[in-house]
Amino acid sequence: MAAGPHAPCPIHRHAQARPDALALWTPDRRWTYAALDAAVAATGRHLRERGWADGARVALRLPRGPAFVVLLWALWREGAVAAPISSRLPDVEAWRATSRLHARGLITRNREALNEGDGGADAVPPESIVVRNATSRPASTARPIRRRATILFTSGSTGRPTAVLHSWANHLYSAKGANANVPLRAGDRWLLSLPLYHVGGLAILVRCALAGAAVAVPGRDASVSEAVATTGATHLSLVPTQLRRLLDARQGRAPERVRAVLVGGGPIPSGLLRRGSDRGWPLHTSYGSTEMASQITTTSPGASRADLQTAGRRLPHRRVRIAEDGHILVAGPSLCVGVIEGDTIRDPREDGWYPTGDVGHFDAQGRLHVQGRVDRQFVSGGENIQPEEIEAALERVDEIERAVVVAVPHEAYGHRPVAFVRTRGPLRPDAWRQTLSTSLPKFKLPDSIRSLPEAAVDGQLKVDHEALRQRARRG
């Protein structure tokens, strides 16, 4: 077991101090900290009986809901390593991910998946492990904060997904820094609007548990707008597409009880920021990564319009610097333990720093400006082109809600940009190219502008750039 400082489970700590405080809101039940603590302890005993404790890896492929939340806390309390797997994956891919991690078990509701195991791991439904209505008063169990806690897969849009290993300390320090910037207190409710197989969803659980706040789990089919109205949420974590849909559905001002809306997951169109800010939504723009256990930089409460056009300032318990070539390098206690490659765990740092794969710069006010991904840059006719710059210019056009630019081979120039857009009206490529010509040099103007297919956006969080490149090549 890992050495170092120990700490009790934060769920248990609040159950002792404030047993009747709300910990988990769902459409059909309000879980107090005492009830959640008892459920976690009873579920943990079932996990231990199966041998799924003390460093064992356990995969979870479940819809967002209370069973998932209870299982995560139970696994962490028992010292196991939770490996959430995307519920969007087909059965064969879920089993492949489980096998790749050498997990001892897969917890899933998919009955077909339960019968398709390869013998290397047991597959069980959550109902056979999760205890929802326990009544005992668990004893406190402190565990090393540097124990291994999660394995999360990155998107893998440009290749095989990367398996990132975190310790509990990584999540703990990530949450501490986030809570220092965005106030969170007992009685608050953070809407769980992101999937728990993404680090942004997991981070909500840890932030709330540290502060003694509640996680609000909306109905499975509820829109963000409906969830804001029904859950009593005070804090939100959204990707740009979710923010756009929220603003489209709610025409009035933001509810007074909503004190923070954290927006991440990629560049945010300036027009979208303007719409949200003008309606009184308390927006925070941010920059983060799976490897750093969520946020790295974030704007402060009450950020100005100029602040919101940046990724904000460095949060506590992180280190950030810009290399001579513009690469963003990070370090600190929230940086992951390593990347799993077969039977080994590779340290992702180079000379003590993790290269994020992004390029950017700090301004005179200490705000980070993220210019784009290193691996998306391409050369056209001898000129470097960063697709994100063209995307930002397109998204400043009033009718364009989202833009994605990809490079396609070109006989004369090597590569040329092609844009895909989501609009509020008909496509007007010629007019938009004319508009872009006032802010971009001619060689950066996209050769064509096409409609962005919904299928190219994975769960609103990641864009399948390879699928768009193939579509662009077909003409």
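Which kind of contact do the side chains of R274 and D398 meet in? In this predicted model, the side chains of R274 and D398 come together in a salt bridge, with a distance of 3.9 Å from N to O. The domain assignment of the protein divides it into domain 1, which covers residues 6–371, and domain 2, which covers residues 377–473, and the points below describe how these two parts meet.

**Placement and extent of the contact**
- Between the C-alpha centres of domain 1 and domain 2 there is a distance of 31 Å, and the contact itself draws 21 residues from domain 1 and 18 residues from domain 2.
- About 1600 Å² of area is buried between domain 1 and domain 2, and carbon and sulfur atoms contribute 47% of that area.

**Charged and polar pairs**
- Three salt bridges are found across the interface of domain 1 and domain 2.
- Polar contacts between domain 1 and domain 2 come to two residue pairs, counted where both residues have pLDDT 80 or more.

**The side of domain 1 that touches domain 2**
- Two or more residues each are given to this side of domain 1 by the elements α9, spanning 240–249, and α10, spanning 270–278.
- Of the elements on this side of domain 1, α9 gives the most, with five residues.
- By residue type, the side of domain 1 that touches domain 2 is made up of six nonpolar, nine polar and six charged residues.

Key:
Residues are numbered from 1 along each chain as its sequence is written. This is a predicted model: local features need pLDDT of at least 70, side-chain atom pairs count only at pLDDT 80 or more; totals for chains, interfaces and linings use all residues. Side-chain values use heavy atoms; hydrogens and water are left out. Domain bounds come from an automatic or database domain assignment. Contact means heavy atoms within 4.5 Å. Buried area is the accessible area (1.4 Å probe) that two parts lose on being put together, summed over both. A salt bridge is a side-chain nitrogen of Lys or Arg within 4 Å of a carboxyl oxygen of Asp or Glu. A polar contact is a pair of N or O atoms within 3.5 Å; within protein, one must be able to donate a hydrogen and the other to accept it, and residues adjacent in sequence count only if both atoms are side-chain atoms. Helices (H or I, at least four residues) and strands (E, at least two) are DSSP runs, numbered from the N terminus. Ala, Val, Leu, Ile, Met, Phe, Trp, Tyr, Cys and Pro count as nonpolar, Asp, Glu, Lys and Arg as charged, and the others, Gly among them, as polar.
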